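Me: I would like the reasoning behind the labels on this structure. Take me through the terms and the values behind them.

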Amino acid sequence: MTIRIAVAGATGYAGGEILRILLGHPAVLDGRAQIGALTAWSNAGTPLGEHQPHLGPLVDRVLAPTDTENLAGHEVVFLALPHGQSGAVAQALGPDVLIIDCGADFRLADAAAWTRFYGSPHAGTWPYGLPELPGARAALQDTKRVAVPGCFPTVSTLALYPALAAGLAAPEVVITAVTGTSGAGRSLKPHLLGSEIMGNASAYQVGGIHRHIPEIVQNLSRAVAADPAIAQDGPGPAVSGVAGSGSGRVSVSFTPVLAPMARGILASCTAPVLPGVTAQDLRAAYEKAYCDEPFVTLLPEGRWPQTAAVLGSNAVHLQVALDEAAGRVTVIGAVDNLAKGTAGAAVQCLNLALGWPEGSGLTTIGVAP
C-alpha cells in the first residue's frame, strides 16, 4: 500500500521544510509514500510555487483549504499550523491517521501551564517527539499521534539533560538563545522587516514570559526527578510556569535574542555544578549520553558549535565546559530551528512511527557558506 501524506500549512516555513525533506525521502522516491494534499488558509486556491518556489516538483500544485474533507483519506497528516489551531483539525481526523503536529498544542502535560502561556483551553498531551530523551523512542514507535518539540526546547533540553540526569548540576538553569527570524513564522511583522533586522540584535519576551519555558521545564524535570521511573517514562512531572512539580523542581531563566539571520539557533545554557564536579566528569556524562545518537554530536574539545555548521541538517552540535571560577557548567548548542528544530524532527518521528529507519531522508551534513 502506498502511504499518502498530507501537509496542512504548506505555505509556511515549517510546512515548506517538511516538503523539502519529504521530496528527498527514500519512501517518496521509491513510491512507498506519496505526497498528497497540500493545504493552506488564506492562500488556498493559489499554486504552491507562489509561496515555495524552491520546491520544484510541487510548484504547480494548487493549495486546498485546510479542512477535514481535504485531509481525509491520508495515512499521515503533518500539521504545520499556528499554535492553538491543531486541536480542532486533529479531532476531526480518525484515530487511525498518523498525525504529526509541529505546533505546541499537544506538547505540555500541565493544562494550567498551557492556559497560562497560550491563553486557550488545553487540547491534550501526545507522545513527545524528541527521540533522544530516555524512553521517547519506545513511545513514538507505532503511535498515531506525535507532538513535535519547539525549537528552543530541543536545543536547550539536549544541552542540559545529561548534566542534570547525571547529578552533576543543580536545576537552576539560565539560557540565552540567539535565533534567526524564521522562528517567528512567515506572517508580516514590522520588527522582522529587512530594514529593522539587518545590523541589529534584540532581546524579546524577556522575564519568564516566553511560551517555550514550560516545555523546557517539563523536559528537564524528567532529568532531576528522584524516581527513576518518572525520569524514564511518560511526559514527566507537570509544570506550572517556571517550576516543575512532583519530585523534581527546575527553575529556568530564558532570554531569546533575535539576530539578523534567516535560520539557526545558538544557545548558551548554564547551571551551577555540584561540589567536586570536574570538567572530566561533565565530558564523560555527555559522551555517554550521546555516543549512540545519530543526530547529536559532542564536538571535540576546543571546537565550538556554530549555526552555519548545522544549517539544512537534522544535526545538533554541542560543546560542554566547566567555568571553575563561577562554579557553573556551560553548554553551547547549535541547531537549525526549521530542521531538527521542527521539520527534521517531524520526519524523524514519522520514520519511528511507521517503522522505517530513523534517519531516512535526514542528514547531519550542513550547508555552507
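The exchange below goes from the whole chain to single residues.

Me: What kind of model is this, and how many helices and strands does the chain have?
Reply: The model is predicted. The chain has 12 helices and 15 strands.

Me: Why is the chain called as compact as a globular protein of that length?
Reply: Its radius of gyration is 20 Å. The globule rule gives 21 Å for 369 residues. The two values are close, so the chain counts as compact in that sense. Its C-alpha atoms fill a box of roughly 60 × 45 × 40 Å along the principal axes.

Me: What share of the residues counts as buried, and what cut-off applies?
Reply: Buried means under 20% relative accessible area. By that test, 53% of the 369 residues are buried. The accessible surface of the chain comes to about 14,700 Å². Carbon and sulfur atoms hold 56% of that surface.

Me: What share of the contacts joins residues at least 24 apart in sequence?
Reply: The share is 69%, counted among contacts between residues at least 6 apart.

Me: What makes β3 and β6 edge strands?
Reply: They belong to an open sheet of six strands, in the order β3-β2-β1-β4-β5-β6 with parallel pairing. β3 (64-65) and β6 each pair on one side only, and that makes them the edges.

Me: How do you know that β1 and β2 pair?
Reply: Pairing needs at least two bridges. Five bridges join β1 (residues 3-8) to β2 (residues 33-40), so the pair passes that test. The two strands run parallel. Valine 7 stands opposite leucine 38 in β2.

Me: Which residues of α5 are buried, and why are they said to be on the same side?
Reply: In helix α5 (residues 111-118), the buried residues are Ala113, Trp114, Phe117 and Tyr118. They cover an arc of only 100° around the axis, which puts them on the same side of α5. An α-helix has 3.6 residues a turn, so residues three or four places apart point the same way.

Me: What is found at the two ends of α5?
Reply: At the start, a side-chain oxygen of aspartate 110 reaches to within 2.9 Å of the backbone nitrogen of alanine 112. Glycine 119 follows the helix, with a positive phi near 70°.

Me: Why is aspartate 336 called buried?
Reply: Its relative accessible area is 0%. The cut-off is under 20%, so aspartate 336 is buried. Aspartate 336 lies in the loop between β15 (328-335) and α12.

Me: What makes the pair of aspartate 336 and arginine 263 a polar contact?
Reply: Their side chains make the contact at 3.0 Å. The limit is 3.5 Å, so the distance fits. Beyond its neighbours within four places in sequence, aspartate 336 also touches other residues, including Val310, Leu311 and Ser313.

Me: Aspartate 142 and glutamine 205: exposed or partly exposed?
Reply: Exposed means over 50%. Aspartate 142 has 65% relative accessibility, so it counts as exposed. Glutamine 205 has 37%, so it is partly exposed.

Me: What is notable in their backbone?
Reply: Most residues other than glycine have a negative phi, and most peptide bonds are trans. Aspartate 142, in the loop between α6 (136-140) and β6 (145-147), has a positive phi near 70°. Glutamine 205, in the loop between β8 (202-203) and α9 (213-224), has a positive phi of about 45°.

Me: Which peptide bond is cis?
Reply: The bond from alanine 368 to proline 369 is cis, with omega near -5°. Proline 369 is found in the segment after α12 (339-354).

How values were computed:
Residues numbered from 1 in each chain as written. Predicted model: local features only at pLDDT ≥ 70, side-chain atom pairs only at ≥ 80, totals over all residues. Heavy atoms only, no water. Buried < 20%, exposed > 50% of the residue type's maximum accessible area, 1.4 Å probe, protein only. Helix = DSSP H or I, 4+ residues; strand = E, 2+ residues; numbered from the N terminus. Arc of directions from axis to C-beta. Polar contact = N/O pair within 3.5 Å; in protein donor to acceptor, adjacent residues only side chain to side chain. Rg over C-alpha atoms; globule rule 2.2 N^0.38 Å. Contact = heavy atoms within 4.5 Å. Areas by Shrake-Rupley, 256 points an atom, 1.4 Å probe, with all protein chains shown as cover.
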